[in-house]
Protein chains: 2
Amino acid sequence: MRVARSVADGLAESAAATDGLHPLPAVRQWLRRQQDGARYRIDRMPLAGLNDWSFDPATGDLGHRTGRFFTIRGLDVRTNFGSTRHWQQPIIDQPEIGILGFLIREFDDVPHLLVQAKIEPGNLGPVQLSPTLQATRSNFTRAHGGRAPDFLDAFLDCDPEDVVVDQLQSEQGSRFLRKRNRNTVVIVPPGDEAGVPDAFIWMTLGQLHALLAEPNLVNMDTRTVLSCLPQAPLRALRADPFAYRLAASLAAVEAGAQHSLGALRNFIARAKTDYELVTRTIPLAQVQGWQRSDADIARADGRYFRVVAVDVEIGEREVARWQQPLIASASGGINAFVCASLRGVLHFLVQARVEPGTFDIVELAPTVQMTPANYAGALPQFGDQVLDALACGGDRVQFDCAQSEEGGRFYHDANRYVVVEPPGAAALALPRNFAWMSLGQIKYLMQYANVFNVEARSLIACLATLQ
Amino acid sequence: MRVARSVADGLAESAAATDGLHPLPAVRQWLRRQQDGARYRIDRMPLAGLNDWSFDPATGDLGHRTGRFFTIRGLDVRTNFGSTRHWQQPIIDQPEIGILGFLIREFDDVPHLLVQAKIEPGNLGPVQLSPTLQATRSNFTRAHGGRAPDFLDAFLDCDPEDVVVDQLQSEQGSRFLRKRNRNTVVIVPPGDEAGVPDAFIWMTLGQLHALLAEPNLVNMDTRTVLSCLPQAPLRALRADPFAYRLAASLAAVEAGAQHSLGALRNFIARAKTDYELVTRTIPLAQVQGWQRSDADIARADGRYFRVVAVDVEIGEREVARWQQPLIASASGGINAFVCASLRGVLHFLVQARVEPGTFDIVELAPTVQMTPANYAGALPQFGDQVLDALACGGDRVQFDCAQSEEGGRFYHDANRYVVVEPPGAAALALPRNFAWMSLGQIKYLMQYANVFNVEARSLIACLATLQ
């Protein structure tokens, strides 16, 4: 098979198709059936009572008895980015690289993605739409002794020529220590639906985009893999001026864009030399400002997040019952792109941002990535503009939808994903770590791994719903 | 200025020009003058006697009194790559990101690079051709109290639109702990030669390529920056079948190549998940198998390298006199690309390789990267094919020239850089971590930082001399 070479064209076809192998109403029906028929029990429990997990007597680090999955450690952070130059915090250390993968198959010449309805212990829903495969290495090497995940072999044994996407991409740098997963999309030969378990369904990209406009339904792993897909020239599918502007912005990779690609590469390399990030893992028991009780690990002031625990029973998963820690954010945040017309072309304001767990000092982030409740005083740069635009609504808000973070690590963690266009944004004075980029430039740079952080990638996936 | 956008065309012009502002004989004359007029004294000295450098009493780590420049520490290495799964070694820890930069200016519409004749304490020569700017952060923030390097401001204050290249690229993963430098090329407006100190000269790319065929003359920093330059379609400049094949190989990015770009991305991501690399800095005094004497730090069996010291006096540098440690390799190595025609198109055999100091587990390396003296038994994969081809000579050897490693860290360290085409190479059975790539694909992937290691990048720069 050498289909991969023209895959962008097929994907454009797929994005335009809201009816596919199953019409959208049938997809929604399948989804409702998954939600109604889900068998699960997810109970909060004291952190101190976890089976199979324990606190290291010397360090207080919280780990699994096998040493696998993940460990919660302490991190000492020093950086010249932002106003706080030194702090300590708990962080998830998960050095293993897992796989987030979609299979793609053509039905009637239209590529479909194999989507899974999946429950994770931290999920709102709790059924969310996940990639075909979502597996940590502990998971697929069966550290837990369960059965292999569905479709694992299709990814491990695939012909490299059938691989559309294969990138190591980061996850939340504020919560994970340099964690990355392998985002991958693999084409499988045309065939029928036979052999697809009931929790799976073949969907067009257009159908996934439609569902992406609903809160907390398309999970984070799906969003990040979608953001990595190559994109053919957009057809404006909606009779909406913004859809036309988006298509023009996608076309502006060099001509029409505010900056050249060379200047954007310079922007990234310069940020990596402007900023320093020095982190050191320390014993969790010694992290300043954080306390452990039987119930959780938290700050006295309640800010940022807590480490909590759940007792889980889920039908039809690899393992029927387990317990595990999860991170519960203190309150929901806002991840927002500010956009504006520059030289008549729609641009997005991108932030070069340092986070404690960032793999390579800096990644490109949304214009604003904030949890307003964490700020006693002034909001971060451009935070006010975003809140104002959201308050005004109308044309100023192009996208505004709650999306969930990974339910395997985060407990009921949803952020508001937002694209706003405040009047006068084009004239904003930019600090050195902000730059305007066209959608075409964003998609161009998305070919590189570890350039955009997971919050930006989620927003990039959401932008596709606006075409 | 928006010249950067068509810079590849200009560079093709520059590569074709062996006569520029100064004809090649005049360039050679200037070079001889620099070599003959060089004022320097470089003496080996005992490691124990170094001024300004000392061994930490607790760890034995060797560092500068300011804590800057670099530190020699111990490293414990575990990996599933190669036959040795666990070892310890000294390593250079230099977390600061320096700048390796060329200025480019057009004379008579032909871009010229501003080349510097520079002495480094470890240089063979000792004058070598270096980029316009070659500065560590300690260097340009003047940790040593000297004056700022020439042309520093042209890089720090440039307009991002004038930046042609700006990439953080790795250096020797066997010697440095995740070290990277910023490889950058900046266009300056047309002007005259006024104000260029005598140690600098404007040269065309074609002139640099001619000098790259001479041993130990074009330094490592120059070679790595050259490898990052965008490349326009090659014109075969030599009446040589290999030059035509090289031009065709450059054109084969998708069509004509053995693998698709998607498959090559998969090759890289797969290697990063196949291999594990777990390193831990340890006290230099505790590194197993290595001993410190007054003279040096070395292994009892004399293999790999030694840490030695030099006492240096160089005229017309920022600081006239200093002492420093250097790494002296036990013997010279061979870095070789094996090439072959596949589907009628010239391809290069690329190795995904783990080295202890690699920034992100794996980088792409030459087919063979070996120091034959370090192997008691069998040579590494394809080592015999390279040595056989070199022994046969003739058409089997397309490039064979000694090139020096960085003289600021390595003492008289030269490796043989080689491109060979052994008969039957196209039919070789490849281990999972090898893949054939066209020159076009190599240059395409060179847009990404940290994909090719410094040895591969040197060879990529050398390939340009064969057009």
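This is a short conversation about salt bridges and the chain A and chain B interface in a predicted model.

Reader: Happy to dig in! What makes Arg353(A) and Glu355(A) a salt bridge?

Author: Their closest N and O atoms are 3.1 Å apart. The cut-off is 4 Å between a side-chain nitrogen of Lys or Arg and a carboxyl oxygen of Asp or Glu, so the pair qualifies.

Reader: And why is Arg353(A) called buried?

Author: Its relative accessibility is 18%, and buried means under 20%, so Arg353(A) counts as buried. Its partner Glu355(A) has a relative accessible area of 6%, so Glu355(A) is buried as well.

Reader: How do you know that Glu355(B) and Arg353(B) form a salt bridge?

Author: By the distance again: the closest N and O atoms of Glu355(B) and Arg353(B) are 3.1 Å apart, and the limit is 4 Å, so the name applies.

Reader: Are those two buried or exposed, and what makes them so?

Author: Glu355(B) has a relative accessible area of 5% and Arg353(B) one of 18%. Buried means under 20%, so both residues are buried.

Reader: Nice. Why do Lys118(B) and Glu120(B) count as a salt bridge?

Author: Their side chains meet at 3.5 Å, N to O. That is within 4 Å, so the rule is met. Both Lys118(B) and Glu120(B) are buried, too.

Reader: Which residues of chain A are linked in a network of salt bridges?

Author: The network links Arg41(A), Asp43(A), Asp311(A), Glu313(A) and Arg321(A). For the wider picture, a search of the whole structure finds 48 salt bridges over all chains.

Reader: Let's turn to the interface. How many residues of chain A are in contact with chain B?

Author: There are 34 residues of chain A in contact with 33 residues of chain B. The area buried between the two chains is about 2900 Å², with 44% of it from carbon and sulfur atoms.

Reader: How many salt bridges are found across that interface, and what makes Arg180(B) and Asp360(A) a salt bridge?

Author: The rule finds two across the interface. Arg180(B) and Asp360(A) meet at 2.5 Å, N to O, which is within 4 Å, so they make a salt bridge. Across the interface there are also 14 residue pairs in polar contact.

Reader: Which element gives the largest share of the side of chain A that touches chain B?

Author: That is H8(A), with nine residues. By kind, this side of chain A divides into 12 nonpolar, eight polar and 14 charged residues.

Conventions:
Residues numbered from 1 in each chain as written. Chains lettered and ligands numbered in written order. Predicted model: local features only at pLDDT ≥ 70, side-chain atom pairs only at ≥ 80, totals over all residues. Heavy atoms only, no water. Buried < 20%, exposed > 50% of the residue type's maximum accessible area, 1.4 Å probe, protein only. Contact = heavy atoms within 4.5 Å. Buried area = accessible area lost by both parts, 1.4 Å probe. Polar contact = N/O pair within 3.5 Å; in protein donor to acceptor, adjacent residues only side chain to side chain. Helix = DSSP H or I, 4+ residues; strand = E, 2+ residues; numbered from the N terminus. Nonpolar A, V, L, I, M, F, W, Y, C, P; charged D, E, K, R; others polar.
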